[in-house]
Amino acid sequence: MKFLDELEWRGLVKDVTNRDALNERLENPISLYCGFDPTADSLHVGHLQQIILLKRYQAQGHHPIALVGGATGMIGDPRPTTERSMLTDEDLARNIAGIGSQIERIVSSDNNPVRILNNRDWLGDLSMLDFLRDYGKHFSVATMLSKDTIAKRIQTGISYTEFSYTILQAIDYLHLFKNEGVQLQIGGSDQWGNLVSGTELIRRVEGHESEVYGVTSHLIMKSDGTKFGKSEGQNIWLDPGRTDAYEFYQFWINTSDEDIIDFTKRLSFKSVAEIEAIEDAFKEAPHLRHAQKELAKELTQIVHGDAGLDMALRMTEALFSGNVQNLSVEELRSAFKGSSSLDVAEAKTIVDLLVDTKILPSKREARQLVKDGAIRVNGEVVNDAEFIISKENAIGEQLTVIRRGKKTYHLINHVSV
């Protein structure tokens with residue numbers, strides 16, 4: 001199976017400017033790029049498909065470039081509905097540094113490293129007259145109006161600023177072709193119009209014999225129609241300061257059975273044969289969540305490294321077994337983020353706390369469950385109704401974890417008076 005054929009098998013090819021010619025060209029090393037808008041100081045899992053695609057090409061001996069839009073980010077790719085908010089120079093600088101370091105970490109290589117470029121280096125000093133004379137004359141307004149994103153905005157209104165975005169992105173491809181030898185641009189399916197604008201500009205300026213290509217991939221969609229990349233309404237970020245390794249790992253563990261094989265094909269570096277074996281095992285025993293575990297481990301290692309994966313696995317095992325006493329205060333806070341908690345400033349009996357936390361409605365029921373051995377404190381069964389919970393016997397003298405049954409947890413945060 002050729003490289004492009006494998007990408008198609010994985011669901012990573014939607015549109016190609018010249019498939020047969022590109023398939024042949026990929027037999028030898030090619031320089032390619034993918035653009036990233038610096039709209040935040042971190043990328044999220046929605047960007048992973050394109051980052052991993054750069055890494056796939058890199059592994060085949062091709063030369064990847066990640067283009068960070070320091071100039072185009074000042075405008076923003078037109079949204080389907082509303083104008084983007086303008087970013088300050090300070091915000092852009094911070095965002096560029098953040099996402100650049102993430103891409104470098106993930107697409108790392110000793111002998112063929114990814115290059116991070118910033119289009120402000122060549123667009124920043126472009127004058128309006130040069131823009132109109134050298135580039136604007138090559139673009140038909142009728143063709144630009146027919147592009148999906150712009151067409152959708154015509155009725156609600158689109159500024160000239162966002163309207164001109166596709167020209168700036170085409171200039172990027174022309175610059176990279178002339179100065180870096182780039183012959184391929186990749187992107188999500190929503191970038192097809194911009195990719196075509198770039199290939200057309202190159203041929204008009206450099207000649208129709210210029211050999212350049214564009215490939216888009218299907219955007220990742222969840223089978224239930226909800227947006228991919230969020231957990232409980234929050235983005236899953238690639239920055240460990242925003243989304244730690246445990247939360248990242250759990251996002252993939254919780255992938256639905258309907259989505260997991262599709263996500264594995266798109267995001268895993270496992271071979272076709274390995275993925276087919278995972279799919280077979282998954283179909284035989286989906287309750288074991290073998291496919292989810294394999295993808296969670298692989299992607300956590302890629303994004304958070306060996307140390308992050310080790311932490312995620314250790315926390316997952318501790319919470320599954322209930323042996324939480326070996327976790328640090330920081331790990332416990334991460335594990336129970338969003339769970340119910342109670343600040344306590346004085347020592348209390350287990351029965352009092354079970355009622356105070358509303359785990360149980362009455363002291364009578366609390367005493368009965370304690371007597372039955374159904375309550376654990378920091379992983380240990382407590383069957384003494386007079387057992388005292390205090391700062392002194394808390395984990396790190398800060399936290400106490402109360403567990404009822406197998407899945408009901410409550411966090412006690414011991415605070416000073």
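Helix α4 buries Leu92, Asn95, Ile96, Gly98, Ile99, Gly100, Gln102, Ile103 and Ile106. The structure is a predicted model, and this helix offers a convenient point of entry. Helix α4 covers residues 89–106, and its 18 residues reach 26 Å from the first C-alpha to the last, close to the 26 Å expected at 1.5 Å a residue. An α-helix has 3.6 residues a turn, so residues three or four places apart point the same way. Among the buried positions of α4 are Leu92, Ile96, Ile99 and Ile103. The elements against which the buried residues of α4 pack are β1 (31–36), α3 (48–59), β2 (63–68), β3 (115–118), α5 (120–123) and α15 (290–321).

Two of these packing partners, β1 and β2, are themselves paired, in the parallel sense and over 6 bridges. Within that pairing, glycine 35 stands opposite leucine 67 of β2. Strand β1 is mostly covered, with 5 of its 6 residues buried.

Helix α3, another partner of α4, is likewise mostly covered: 11 of its 12 residues are buried. The buried set includes aliphatic side chains such as Leu48, Ile51, Ile52, Leu53 and Leu54, and also Lys55 and Arg56. The end C-alpha atoms of α3 are 16 Å apart, which agrees with the span of 16 Å that its 12 residues should have at 1.5 Å a residue. After α3 comes glycine 61, with a positive phi near 95°.

Leucine 67 also leads to a second site, since it belongs to the surroundings of aspartate 172. Aspartate 172 is found in helix α10, which comprises residues 165–180. Leaving aside neighbours within four places in sequence, aspartate 172 is in contact with Tyr33, Leu67, Thr72, Asn119, Trp122 and Leu123. What is the charge environment of this buried residue? Aspartate 172 has no salt bridge, and the nearest side chain of opposite charge, that of arginine 120, is 12 Å away. The side chain of aspartate 172 does, however, make a polar contact with the side chain of asparagine 119, at 3.0 Å.

Further along the chain, 5 strands form an open sheet of mixed pairing, in the order β8-β14-β13-β10-β11. The edge strands are β8 (341–344) and β11 (380–381), each of which pairs on one side only. Strands of a sheet pair through backbone hydrogen bonds, either parallel or antiparallel. Strand β10, residues 375–377, pairs with β11 in the antiparallel sense over 2 bridges. In this pairing arginine 376 stands opposite valine 381 of β11.

Two loop residues complete the account through their backbone conformation. Most residues other than glycine have a negative phi, and most peptide bonds are trans. Arginine 289 has a positive phi, near 55°, although it is a residue other than glycine. Arginine 289 lies in the loop between α14 (272–284) and α15, and α15 is one of the elements that pack against the buried residues of α4. Arginine 289 counts as partly exposed because its relative accessibility is 26%.

Glutamate 397 is not a glycine either, and its phi is also positive, at about 55°. The position of glutamate 397 is in the loop between β12 (388–389) and β13 (399–404), and β13 stands between β14 and β10 in the order of the open sheet. With a relative accessibility of 45%, glutamate 397 therefore counts as partly exposed.

Methods:
Residues are numbered from 1 along each chain as its sequence is written. This is a predicted model: local features need pLDDT of at least 70, side-chain atom pairs count only at pLDDT 80 or more; totals for chains, interfaces and linings use all residues. Side-chain values use heavy atoms; hydrogens and water are left out. Helices (H or I, at least four residues) and strands (E, at least two) are DSSP runs, numbered from the N terminus. Buried means under 20% relative accessible area, exposed over 50%, partly exposed in between (1.4 Å probe, protein chains only). Lys and Arg count as positive and Asp and Glu as negative; His and the chain ends are not counted. A salt bridge is a side-chain nitrogen of Lys or Arg within 4 Å of a carboxyl oxygen of Asp or Glu. A polar contact is a pair of N or O atoms within 3.5 Å; within protein, one must be able to donate a hydrogen and the other to accept it, and residues adjacent in sequence count only if both atoms are side-chain atoms. Contact means heavy atoms within 4.5 Å. Two strands pair if DSSP finds at least two bridges between them. The expected span of a helix is 1.5 Å times one less than its number of residues.
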